[in-house]
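These are my notebook entries on a structure that I had not examined before. I set down what I looked up, entry by entry.

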Amino acid sequence: MNLRDVYIDEVTSRIPESMRQDVALELESTIDDMTGNDPSETALFEALRELGDPHVLAARYANRPLHLIGPAFFTQYVNIIKIVLPIAVTVITILSIIGYLTNPIDDTSWSQFLIQAFLQTGAAIFNVVVQTLFWITLTFFIIERTVPEGEVPFSSWKPEQLKKMKPRSTSISLSSILFDVVATVLMVVLYVNAEQLIRVVADSESYPLLNSSVLNQFFPFVIALAVFGIAIAIYKWIVRHWTKPLALWNALFNIVWIVVTALILLQPDLISTEALSLIAEQTNIDIETISRWGVWSILFTIIVVCILDLAEGLIKAFRR
């Protein structure tokens with residue numbers, strides 16, 4: 001068998017049997033035309049080099065793509081991943097942290113507790129990322145090979161849609177919205193389990209840092225604030241860009257957040273005396289100084305964060 005026949009056999013063996021005879025005849029004719037009256041090995045090599053890899057040529061004849069996700073579907077594929085993956089990671093992160101924080105700490109140290117929580121949460125995130133990418137890729141793999149050529153699902157773009165587009169400078173990223181939701185959920189979980197999670201430990205003694213009686217007084221306000229924050233996040237998700245009403249509601253949320261936080265932190269009985277005494281013994285600093293600096297440092301940090309978030313929304317919404 002000469003090189004021409006070997007090449008043709010390499011192509012036809014990779015296509016449906018019903019096409020093989022016609023393709024073989026076509027290739028014989030094409031190669032003969034390309035080599036002309038000079039059927040030398042050099043001319044044949046040049047003709048076969050021009051025809052290309054038989055694997056690729058067979059895929060063209062069989063109309064079978066050699067890529068996993070082709071260019072016609074790649075944009076939709078990436079967009080679906082950008083939407084689904086952050087949501088999946090956020091949900092599994094919240095569930096993992098809540099599940100871990102609601103378990104008793106037992107006698108493990110804080111360092112061991114945090115390391116175990118980090119490893120378990122990381123493993124859960126890795127698993128959900130792999131699963132999400134696998135199922136999205138498999139779905140698009142099947143769609144690309146079953147949808148008629150020329151049709152692109154999930155794509156219904158029309159020029160008229162440009163009228164509804166907003167400047168990208170006012171857009172709200174999906175990651176920032178998800179961060180707000182995660183932060184709100186973790187805040188509530190931490191607040192509810194403060195007596196177990198926020199403790200001062202020294203030697204064999206352990207005391208809650210915060211008085212649960214004071215925290216319970218403000219629990220309805222914290223839940224109301226969390227619901228307000230989730231509502232703002234949903235509002236951001238719907239509009240996906242800063243508008244004047246959204247910026248004003250966001251500013252109100254941040255102001256309420258500062259007020260509620262200040263009311264809680266400035267309660268004289270918020271920090272337990274047992275925990276303060278234990279800290280004072282370990283640091284040789286008087287109790288009043290520890291209480292004052294700790295409370296005001298936390299309050300100052302929250303005020304700065306809220307003002308930055310408040311300012312971002314107002315600037316982007318009102319500067320147009």
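**Entry 1: Phe 141.** I began with the accessibility of Phe 141 in this predicted model. I found a relative accessibility of 30%, so I recorded Phe 141 as partly exposed. I then looked up its place in the fold and noted that Phe 141 belongs to helix α6. Setting aside neighbours within four places in sequence, I listed Leu 68 and Ile 69 as the residues in contact with Phe 141. I also looked up a spacing along the backbone: the C-alpha atoms of Phe 141 and Tyr 77 are 9.9 Å apart, while 64 residues separate the two along the chain.

**Entry 2: Thr 132.** I stayed with helix α6, which covers residues 110-146, and turned to Thr 132 within it. Is Thr 132 buried or exposed? I read a relative accessible area of 11%. Because buried means under 20%, I entered Thr 132 as buried. Not counting residues up to four places away in sequence, I found that Thr 132 touches Val 84, Leu 85 and Ala 88.

**Entry 3: The protein as a whole.** I next looked up the overall figures. I noted 13 helices and two strands. The protein has 320 residues, and I recorded that 32% of them count as buried. For the accessible surface I wrote down about 20200 Å², with 64% of that area belonging to carbon and sulfur atoms. I then turned to the contacts with a separation of 6 or more: 74% of these are made by residues 24 or more positions apart.

**Entry 4: Salt bridges.** How many salt bridges does the structure hold? I counted four, and I describe three of them here.

I looked first at Arg 49 and Glu 46, which form a salt bridge with their closest N and O atoms 3.1 Å apart. Both residues are in helix α3 (residues 41-51), and because they are three residues apart there, about one helical turn separates them. I noted Arg 49 as exposed, at 57% relative accessibility. Glu 46 I noted as partly exposed, with a relative accessible area of 46%.

I then looked at Lys 236 and Asp 180, whose closest N and O atoms are 3.1 Å apart in another salt bridge. This pair links distant parts of the chain, as Lys 236 is in helix α10 and Asp 180 in helix α7, 56 residues apart. I recorded Lys 236 as buried, at 4% relative accessibility, whereas Asp 180 is partly exposed, at 25% relative accessible area.

Lastly I looked at Lys 316 and Glu 312, whose side chains meet in a salt bridge with an N to O distance of 3.3 Å. The two residues are four apart in helix α13, so about one helical turn lies between them. For Glu 312 I wrote down a relative accessible area of 35%, which is partly exposed.

**Entry 5: The largest pocket.** I looked up the space in the largest pocket and noted about 1200 Å³. I found 48 residues lining this pocket, and those closest to its centre are Ala 183, Met 187, Trp 257, Thr 261 and Ile 302. The elements that give two or more residues to the lining are α7 (174-192), α10 (219-239), α11 (244-265), α12 (273-283) and α13 (287-318). Which element supplies the largest share of the lining? I found that α13 does, with twelve residues. By class, I recorded 33 nonpolar, ten polar and five charged residues in the lining.

**Entry 6: Arg 292.** I followed helix α13 to Arg 292, which lies in it. I noted Arg 292 as partly exposed, with a relative accessible area of 40%. The C-alpha atoms of Arg 292 and Leu 265 are separated by 10.0 Å, and the two residues are 27 apart along the chain.

**Entry 7: Arg 240.** My last entry concerns backbone geometry. Most residues other than glycine have a negative phi. I found that Arg 240, although not a glycine, has a positive phi of about 60°. I placed Arg 240 in the loop between α10 and α11. Its relative accessible area is 35%, so I recorded Arg 240 as partly exposed.

Terms used: Residues are numbered from 1 along each chain as its sequence is written. This is a predicted model: local features need pLDDT of at least 70, side-chain atom pairs count only at pLDDT 80 or more; totals for chains, interfaces and linings use all residues. Side-chain values use heavy atoms; hydrogens and water are left out. On a 1 Å grid over the protein atoms alone, a cavity is a set of points where a 1.4 Å probe fits but cannot get out, and a pocket is an open set with protein on both sides within 12 Å along at least five of seven lines; lining residues have an atom within 4 Å of a point. Grid points are joined across faces, edges and corners, and a volume is the space filled by probe spheres set on the points. Ala, Val, Leu, Ile, Met, Phe, Trp, Tyr, Cys and Pro count as nonpolar, Asp, Glu, Lys and Arg as charged, and the others, Gly among them, as polar. Buried means under 20% relative accessible area, exposed over 50%, partly exposed in between (1.4 Å probe, protein chains only). Contact means heavy atoms within 4.5 Å. Accessible areas come from the Shrake-Rupley method with a 1.4 Å probe; for residues, only the protein chains shown count as cover.
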